[in-house]
Amino acid sequence: MIRRGSNKSKENPQASSIREALETLKKSTDFVFYKKERGNVPYVISYFSSIVNAEIIHKDILPYIQEMQQVKDLKEKVPIEEIIDVTQPKDLLEKLPLGYVYIYFPESAHLGVLIPAKKDEKRSIAPPEVEFSVVGPKESFIESLDTNIYLVRKRLPIENLRVEKITIGDLSNTEMALLYIEDIADKENVNTLKQRLDDIDFDAIGDSAYISQIIADNQRSPFPQILDTERPDRTATALAEGKLAILVDRSPHALIGPTTFIESISTFEDYLLNWYAASFIRIVRMASIAFSILITPIYVATLTYHYELIPKDLLATLITSRRVIPLPPILEALFLELTIELLREAGARLPTKVGQTIGIVGGIVIGTASVEAGLTSNVLLIMVALAALASFTTPTYQFGNTIRILRFPFLLFAHAWGMVGIVLAFSVLAAHMLQLTSLGRPYLEPFYPTRVRDLKDTFIRMPFSKLSRRPVHNQPDDKVRFKPKDKRIHRDIDE
Amino acid sequence: MTRIPERLKVSPFFAFYLVQAIQIGVGILGFQRLLTKAAGNDAWISILFAGIGVHVIIWMTYKILDKQEGDITDVHKILFGKWIGAALSLLLIMYLSLLSITILRTYIEVVQVWIFPGIRISLFSASILIIVFYVVNGGLRTVTGMAVLGVILPAYLLFSLFYPLKYSFFENLLPIFDHSILEILQSTKQVTLSILGFETLLFYYPFLKEARKSQKWAHLGSASTIFVYLAVMVVSTAYFSEEQLMRNIWATLTMLKIVELPFVERVEYVAISSWLFVILPNICLAIWAASRGLKRILNKKQRPMVVLLLIFVCVVSCTLRTREQVDMLNNYTAQIGFFLIYGYIPFLFLFSTVYYRIKGRKST
């Protein structure tokens, strides 16, 4: 056999280099190289056992090969599409690690074929964990690209939903899908995003979060400029608004762009609740974000410089609580803020079962004890705890982290120049956010540039009958969602 | 005339904010004293006069610029030739730098007097100017964004005007026209410093989409400025006695002292702090306009020009130490600004009208 093979290689130099390729692959212990010498046609079969589904080999490949008379029968008989004829050794090196099975017939001049038999291990579709909602669908993306595309497509069963696949990463060979609805999504947006994806030059893409950071408009900004979500329903409705989505294989998060500041602090539940309730919760959430950033800096500013600001009744309370504190307000505040950050980080790193103790240690022991020991005032303790609570209301995890770090520069500015310092820090923040863009579209829209039409879905989420147009922000090709009914008809009483 | 790419332009509607934001600045914190000195209880009439004046000047400015569809450097170049034109533009740029120094230094003065007597002027002005650089670096669109914020965010302070009403005595306004027209006109001259800044329109005009349509917005912006000044003037005339107003340097701020809220005593502290939002776009717009002008006449990149201007502003603002110097600076700026808007712009308007009439006759 081998001799015959080597004889052949004199006629065909490719065959010997294929043999060399196989020798290289054999260095991995999970590589199977099996020669069947008896039977109708002798054959060689090889694959990576760890990534190949053995069931496919046994049910769909081997039975047909045993019955085969000629090589060319193979493509007709084996019930698997996408069988590839090997033309060069590169094919082998590329396809075998992806879960292909290589079959080769030593007696024929054919170089063999590659049959896909990929093992597809995945968890089942589970309820969303990060963006949980009480009402609404309980499905979230999983780590398989095909399942994720299915989850979106079943919500948008139309021919216009385009799915374009791109593979990125020299090492990770990550497959990604760009989703948009033709005739609705802006072509310029699609081209921008495609260009950015094509320009990615990174060896191993770990998750969709890598992509979102790499294609961000301004990588020096602390703000996430692409929205990530684990909810297929949110992705589908975003697509219907004319946005684009990226699904990345092996990642349970979709990326949505272009996005805005308002979108980062809204949840999908805002659309599931009655619009009064939804708007109320949204306003509470916005206020709590401002509160969580500003409250400790304001405490530091007033207690360091502007005692005059505090009304005299409140002043008594404050002075009693701060009378024994030896530290200046800034150190007191930094100490407590860092403690909260520590608790949060420790809680996130520890396994759930051990993590429960963190709440007790942090909340009761450190909090109460530091007040009793006279390290911090209990007024500040309440403020910091409230600020921490408020910061947990940010619905997107990535954005919540940004809010977490923003208060520290504010604290330092408050210490330096009191209230003026806080306004100074706020100006820097405002100037930064004014310049931010998401896929080239302004991040602070619809506040600046002011677009009155898009204000319908900001502080107040108007009822659906008012949302008859897609957001201008996405520059959709088709601007109208539905024609608003003629509202002129006002019926009189009992008519 | 260089074409400005569409993506760098702002909607005509923003002319409202751009005009209003730069007109309301530090002036409003204490403009009442000089007005009252000249016209007593009739000071509010002089604000109306100034309002009419500003509208005429804005109309003239648009008439000058509409013919060119370019900025003032283009106008100067065409009307006066390359060298004289450049010199005139340079004077305008120097005036804008002076304006930003005045705004910055007066604000620091307010902070010094009211909140931090010992603040380090150099460090504080440097921090503000770094923010200014960051904003101007983002181009006119970011500057406009700051202007929008500078109009909307501190707007809550208008509500504070309701508190003094309880202690007001509107008979103070009577008798109306107690002063001669000359006195009222003198007082009108004193309003000038408060409404300066809209001349930056001469520079950002080509950055407005469909610039001609922006005229009504510019007028509206200026009208709302006049309205705010009028309201503050009427309330303070009713709240203070004439004697008090003549002696009070920061009458508006003093008026804020009466505001009582359950959780904040001294609202003027909050007001002065948030006033930074108001003066920031002023400085940004002035510096942007000045650097844009330098770019046009020197054919250099704009960014180094911004840095140069900011360093200049910072150095000058640090050298002014005393209250008298700041007062003098304010007076000079008011004088030059008065000459500019009531002297130079009408002259330019007449000159360009005559120039184009003669040119039109020649071509036909």
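**Loops, a long-numbered helix and two sheets**

Trainee: In the loop between which elements of chain B does B:Asn299 lie?
Mentor: This is a predicted model, in which local features need pLDDT of at least 70 and side-chain atom pairs count only at pLDDT 80 or more, while totals for chains, interfaces and linings use all residues. Residues are numbered from 1 along each chain as its sequence is written, and chains are lettered from A and ligands numbered from 1 in the order in which they are written. Helices (H or I, at least four residues) and strands (E, at least two) are DSSP runs, numbered from the N terminus. On that basis, the loop that holds B:Asn299 lies between α13 (267-298) and α14 (302-319) of chain B.

Trainee: What sign does phi have in B:Asn299, and does the residue count as buried or exposed?
Mentor: Most residues other than glycine have a negative phi, and most peptide bonds are trans. B:Asn299, just after α13(B), takes a positive phi of about 60°. A residue is buried if 20 or more other C-beta atoms, placed from the backbone, lie within 10 Å of its own, exposed if 12 or fewer, and partly exposed in between. Phi of B:Asn299 is therefore a positive value in a residue other than glycine, and because B:Asn299 has 7 C-beta neighbours inside 10 Å, the residue counts as exposed.

Trainee: How far apart are the end C-alpha atoms of α13(B)?
Mentor: The expected span of a helix is 1.5 Å times one less than its number of residues. For the 32 residues of α13(B) this gives 46 Å, and the separation found between the end C-alpha atoms agrees with it, being 47 Å.

Trainee: At which residue does α13(B) bend?
Mentor: The bend at a residue is the angle between axes fitted to the seven residues ending there and the seven starting there. In α13(B), where 27 of the 32 residues are buried, a proline, B:Pro281, follows the bend within four residues. The bend is about 30°, and the residue at which it occurs is B:Val278.

Trainee: Which element gives the most to the side of chain B that touches chain A?
Mentor: Two residues are in contact if their C-beta atoms, placed from the backbone, lie within 7 Å, and the contact takes 25 residues from chain B and 19 residues from chain A. On the side of chain B, the elements that give two or more residues are α6 (121-137), α7 and α13 of chain B. With 7 residues, the element that gives the most is α13(B).

Trainee: How many nonpolar residues has the side of chain B that touches chain A?
Mentor: Ala, Val, Leu, Ile, Met, Phe, Trp, Tyr, Cys and Pro count as nonpolar, Asp, Glu, Lys and Arg as charged, and the others, Gly among them, as polar. By these classes, the side of chain B that touches chain A has 7 polar and 2 charged residues, and its nonpolar residues number 16.

Trainee: Which strands are the edge strands of the open sheet in chain A?
Mentor: Two strands pair if DSSP finds at least two bridges between them. The open sheet of 5 strands has the order β1-β2-β4-β5-β3 (chain A), with antiparallel pairing. Each edge strand pairs on one side only, and these strands are β1 (31-36) and β3 (84-85) of chain A.

Trainee: Which residue in β5(A) does A:Tyr100 stand opposite?
Mentor: Strand β4 (residues 100-104) of chain A runs antiparallel to strand β5 (residues 113-116) of chain A, and 4 bridges join them. In β5(A), the residue opposite A:Tyr100 is A:Pro116.

Trainee: What is the bridge partner of A:Asp228 in β10(A)?
Mentor: Strand β8 (residues 227-229) of chain A and β10(A) pair in the antiparallel sense over 3 bridges, and 4 bridges join strand β9 (residues 244-248) of chain A to β10(A), which also run antiparallel. From β10(A), A:Ala254 and A:Ile256 point one way and A:Leu255 and A:Gly257 the other way, and all are buried. A:Ile246 stands opposite A:Leu255, and the bridge partner of A:Asp228 is A:Leu255.

Trainee: What is omega near in the peptide bond from A:Gly257 to A:Pro258?
Mentor: A:Pro258 lies in the loop between β10 (254-257) and α10 (261-264) of chain A. The peptide bond from A:Gly257 to A:Pro258 is cis, with omega near -10°.
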